[in-house]
Amino acid sequence: MTASVETKILFQPYRWKSQKRGPDRLEAAPAIECKIIGDGLRRIEKIRAGGTGFAGAQLVRISVDVEAGDYGEPEFLDEAGHVPARDE
């Protein structure tokens, strides 16, 4: 049996979520799968230009073992605006 590993390019946008108490916080909106990196980079540029309602976004490449449901470590390709802090 062979593993079915796919590489996916994901555009992960974020929005500000209002809190009853305390400051607003970032919330992930649904991720969008891009067919090619260029599609995701165009979306990132729209975030940079302020042409969306999103606070920020990240573009990542990730390997997925479809049969096992395992995800590899994401490779961050680009980001714009307000995004959650990440360990490097």
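This report describes the predicted model shown above, from its overall fold to selected residues.

## Overall architecture

The protein contains one helix and six strands. Along the sequence these elements are arranged in the order β-β-β-α-β-β-β. Taken along the principal axes, the C-alpha atoms occupy a box of roughly 50 × 30 × 25 Å. Of the contacts with a separation of 6 or more, 54% are between residues 24 or more positions apart.

## Surface and charge

The accessible surface amounts to about 6300 Å², and carbon and sulfur atoms contribute 48% of this area. Among the 88 residues of the protein, 25% are buried.

The charged side chains comprise 13 positive and 15 negative ones. A distance of 10 Å separates the centres of these two sets.

## The nonpolar core

The largest nonpolar core is built from eight residues, namely Ile9, Phe11, Cys34, Ile44, Ile47, Ala57, Leu59 and Ala80. Two or more of the core residues come from each of β1 (5-17), α1 (37-49) and β4 (56-65).

Leu59, a member of this core, has an extended list of contacts once neighbours within four places in sequence are set aside. Its partners include the core residues Ile9, Phe11 and Ile44. The remaining partners of Leu59 are Leu10, Ile37, Gly40, Leu41, Glu75, Phe76, Leu77 and Asp78.

## Glutamine 58, a buried polar residue

Glutamine 58 is located in strand β4. The residue is classed as buried because its relative accessibility is 6%, below the 20% limit for that class. Its side chain forms a polar contact of 2.8 Å with the side chain of tyrosine 14.

Tyr14 also appears in the list of residues touching glutamine 58, neighbours within four places in sequence being left aside. The other entries in that list are Leu10, Phe11, Gln12, Ile44, Phe76, Asp78, Glu79, Val83, Pro84 and Arg86.

## Lysine 8 and its polar partners

Lysine 8 belongs to strand β1. Two polar contacts of its side chain may be noted: one of 3.3 Å with the side chain of glutamate 6, and one of 3.5 Å with the side chain of glutamate 33. When residues up to four places away in sequence are not counted, lysine 8 touches Glu33, Val60, Arg61, Ile62 and Val64.

## Partly exposed positions

Serine 63 lies in strand β4. It is classed as partly exposed because its relative accessibility of 34% falls between the limits of 20% and 50%. Beyond its neighbours within four places in sequence, serine 63 is in contact with Val5, Glu6, Thr7, Asp70, Tyr71 and Gly72. The C-alpha atoms of serine 63 and proline 74 lie 7.7 Å apart, with a sequence separation of 11 residues.

Histidine 82 is found in the segment after β6 (75-81). With a relative accessible area of 46%, histidine 82 is likewise partly exposed. Its contacts, apart from neighbours within four places in sequence, are Tyr14, Trp16, Leu26, Ala55, Gly56 and Ala57. One of these, Ala57, is a member of the largest nonpolar core. Histidine 82 and alanine 28 are 54 residues apart along the chain, and 11 Å separates their C-alpha atoms.

How values were computed: Residues are numbered from 1 along each chain as its sequence is written. This is a predicted model: local features need pLDDT of at least 70, side-chain atom pairs count only at pLDDT 80 or more; totals for chains, interfaces and linings use all residues. Side-chain values use heavy atoms; hydrogens and water are left out. A nonpolar core is a set of buried Ala, Val, Leu, Ile, Met, Phe, Trp, Tyr and Cys residues joined through side-chain atoms within 4.5 Å. Buried means under 20% relative accessible area, exposed over 50%, partly exposed in between (1.4 Å probe, protein chains only). Helices (H or I, at least four residues) and strands (E, at least two) are DSSP runs, numbered from the N terminus. Contact means heavy atoms within 4.5 Å. Accessible areas come from the Shrake-Rupley method with a 1.4 Å probe; for residues, only the protein chains shown count as cover. Lys and Arg count as positive and Asp and Glu as negative; His and the chain ends are not counted. The place of a charge is taken as NZ of Lys, CZ of Arg, CG of Asp or CD of Glu. A polar contact is a pair of N or O atoms within 3.5 Å; within protein, one must be able to donate a hydrogen and the other to accept it, and residues adjacent in sequence count only if both atoms are side-chain atoms.
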